[in-house]
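Hi everyone, thanks for letting me go today. I'd like to walk you through one structure, starting from a single residue and working outwards. Have a look at it first.

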Amino acid sequence: MPEIPYTLKRRLEMAPHGFEDLRAEIEKISDMAALNASARRDAQGNPLFHKIEFIVVHHSGNPNPHTPMSTAQQAMKEGEPTIEYHICIQNGKVFWTARFVYVTNHTYGFNSRSIGVCVLGDYSTKEPNPQDLEALRFVIAALYEFFGQGWGQFRLLGLVPHMWVKNNSTACPGKIWSRALWDGQWPKLGAPE
Ligand SMILES: [Zn+2]
């Protein structure tokens, strides 16, 4: 029996509170020359996903109403080549915002080794809502499932809250709930360096 064709996008479409693929739309306003110049590719142009070892979890830190698109626009205004995060979560909905082949600026000194997943909002002093946490858990499980079984070259070692990455002085994604990243509810945790 042939394998059922399976893509990460198809998996993400099963997100419990909705999914939207914004990658193409955000690329329209991105600096594609800069992104392509630093993309994770081999000499033949094939993606080098084994260079991704970690998922870094963020909050956007913005207390004002904002969306994945406005987050992307703000990043462009600040001189970024594109949105900082590969996946955003808002009100439980999952948004795919940047291709994993692109190295975006979400974690100082750690971008080429990781992908960034961000819950939109300021969670410095409160937890995200249960739908957001459920969506985050779903995304992380889907990434481990897909890259662990689908692409052997991808070696996902762990999941880390931004504040735990060395040389990153930040409160992101918030003290209260980032502890929950390590409370055993998450799949296949690896310890950060
Ligand atoms: Zn962060």
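Let's start with V103. Is V103 buried or exposed? Count the other C-beta atoms within 10 Å of its own and you get 21. The cut-off for calling a residue buried is 20 or more, so V103 counts as buried. Before I go on, please keep in mind that this is a predicted model.

So where does V103 sit? You'll find V103 in a loop, the one that runs between β4 (93-96) and β5 (114-119). And what does V103 touch, if we skip the neighbours within four places in sequence? The contacts are S38, A39 and R40, plus N111 and S112. You can also compare V103 with G116: the two are 13 residues apart along the chain, and their C-alpha atoms are separated by 9.6 Å.

Now let's zoom out. The protein has six helices and six strands. If you read along the sequence, the pattern goes α-β-α-α-β-α-β-β-β-α-β-α. Of its 193 residues, 36% are buried. And if you take the contacts with a separation of 6 or more, 71% of them come from residues 24 or more positions apart.

Next, the strands. They make an open sheet of six, in the order β1-β4-β3-β5-β2-β6, and the pairing is mixed. Why do β1 (19-21) and β6 (158-161) each have one side without a neighbour in the sheet? Because they stand at the edges, and each has a single partner strand. Going from one strand to the next, the twist averages 20 degrees.

Let's stay with β6 for a second. Its pairing with β2, residues 54-59, is parallel and runs over four bridges. If you want to find one on screen, go to V57: its bridge partner in β6 is P161.

Last stop, helix α4, residues 68-77. Which residues are buried there? That would be P68, T71, A72 and A75. Looking down the axis of α4, those buried residues fall within an arc of 100 degrees, so they line one face of the helix. Here's the textbook reason: an α-helix has 3.6 residues a turn, so residues three or four places apart point the same way. As for what that buried set packs against, it's α2 (23-28), β3 (87-90) and β4. Then, just after α4, you come to G79, with a positive phi of about 90 degrees.

That's my tour, thanks for listening!

How values were computed:
Residues numbered from 1 in each chain as written. Predicted model: local features only at pLDDT ≥ 70, side-chain atom pairs only at ≥ 80, totals over all residues. Pairing = 2+ DSSP bridges. Helix = DSSP H or I, 4+ residues; strand = E, 2+ residues; numbered from the N terminus. Axes fitted to C-alpha atoms, helices over the stretch in contact; angles between N-to-C directions. Buried ≥ 20, exposed ≤ 12 C-beta atoms within 10 Å, placed from the backbone. Contact = placed C-beta atoms within 7 Å. Arc of directions from axis to C-beta.
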